[in-house]
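This report sets out the fold, the packing and selected residue environments of a single chain. The sequence and the coordinates come first, and the discussion follows.

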Amino acid sequence: MELTKLKVRVKCDNGACANLADYAVKRSGTPVVRELHLCGECLAAIAGLYDGIKVKKTGVKSRKGGKNVGTNMGDRD
Ligand SMILES: [Zn+2]
């Protein structure tokens, strides 16, 4: 897979997103009309979603900052 910066102005492929695409995601040999064109916002959002899935799957809690928030264990005092 390859992520390239787009030089042409095309619409972001993410559903209702109205932005222009900044990046093309493609496998080698993908015809240009079948490339996935995404704006920076959508690409970052998708990457974030995938990170979330990975964290859930593996049970690894690797959040930057190291601050442990959101543990509802009920023993605060
Ligand atoms: Zn977008």
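## Nonpolar core

Five residues make up the largest nonpolar core: Cys-12, Ala-21, Leu-38, Cys-39 and Cys-42. This core belongs to a predicted model in which 9% of the 77 residues of the chain count as buried.

One member of the core, Cys-39, has contacts with Cys-12, Cys-17, Asn-19, Leu-20, Ala-21 and Asp-22 once neighbours within four places in sequence are set aside. Among these partners, Cys-12 and Ala-21 are themselves listed in the core. Leu-38, also a core residue, stands in β3 opposite Tyr-23.

## Confidence of the model

The mean pLDDT of the chain is 83, and 73% of the residues reach 70 or more. Among the elements, strand β3, which covers residues 36-38, has the highest mean pLDDT, at 96. The lowest mean among the elements, 88, belongs to helix α1, residues 40-58.

## Secondary structure and chain order

The chain contains one helix and three strands. Read from the N terminus, the elements follow the order β-β-β-α.

As for contacts across the sequence, the count is restricted to pairs of residues at least 6 apart; of these contacts, 27% join residues at least 24 apart.

## The sheet

The three strands form an open sheet in the order β1-β2-β3, with antiparallel pairing. Strands β1 and β3 stand at the edges and have a single partner strand each, so one side of each is left without a neighbour in the sheet. From one strand to the next, the twist averages 25°.

Strand β1 (residues 2-5) and strand β2 (residues 23-26) run antiparallel and are joined by four bridges. In this pairing, Thr-4 is placed opposite Ala-24 of β2. Strands β2 and β3 also run antiparallel, and three bridges join them. Across that pairing, Val-25 faces Leu-36 of β3, and Tyr-23 faces Leu-38 of β3.

## The loop between β1 and β2

Which residues does Val-10 contact, leaving aside its neighbours within four places in sequence? They are Leu-20, Ala-21 and His-37. Val-10 lies in the loop between β1 and β2. Val-10 is classed as exposed because 11 other C-beta atoms lie within 10 Å, and the exposed class takes in residues with 12 or fewer. The C-alpha atoms of Val-10 and Cys-39 are 9.6 Å apart in space, with 29 residues of separation in sequence.

Ala-18 is also found in the loop between β1 and β2. Ala-18 has 8 other C-beta atoms within 10 Å and is therefore exposed. From Ala-18 to Cys-39, the C-alpha to C-alpha distance is 9.3 Å, and the two residues are 21 apart in sequence. Cys-39, to which both of these distances run, is a core residue.

## Lys-26 in strand β2

Is Lys-26, a residue of strand β2, buried, partly exposed or exposed? Lys-26 is partly exposed, because 17 other C-beta atoms lie within 10 Å; that class falls between the exposed limit of 12 or fewer and the buried limit of 20 or more.

Beyond four places in sequence, the contacts of Lys-26 are with Glu-2, Glu-35 and Leu-36. For Glu-2, which is 24 residues away along the chain, the C-alpha atoms are separated by 5.3 Å.

## The N terminus

Met-1 is placed in the segment before β1. With 8 C-beta neighbours inside 10 Å, Met-1 counts as exposed.

Setting aside neighbours within four places in sequence, Met-1 is in contact with Val-25 and Arg-27. Val-25 is the residue that stands opposite Leu-36 in β3. Met-1 and Thr-30 are 29 residues apart in sequence, and the distance between their C-alpha atoms is 9.9 Å.

Methods:
Residues are numbered from 1 along each chain as its sequence is written. This is a predicted model: local features need pLDDT of at least 70, side-chain atom pairs count only at pLDDT 80 or more; totals for chains, interfaces and linings use all residues. pLDDT is the predictor's confidence in each residue, from 0 to 100. Helices (H or I, at least four residues) and strands (E, at least two) are DSSP runs, numbered from the N terminus. Two residues are in contact if their C-beta atoms, placed from the backbone, lie within 7 Å. A nonpolar core is a set of buried Ala, Val, Leu, Ile, Met, Phe, Trp, Tyr and Cys residues joined through C-beta atoms within 7 Å. Two strands pair if DSSP finds at least two bridges between them. Axes are lines fitted to C-alpha atoms, for helices over the stretch in contact, and angles run from 0 to 180 degrees between N-to-C directions.
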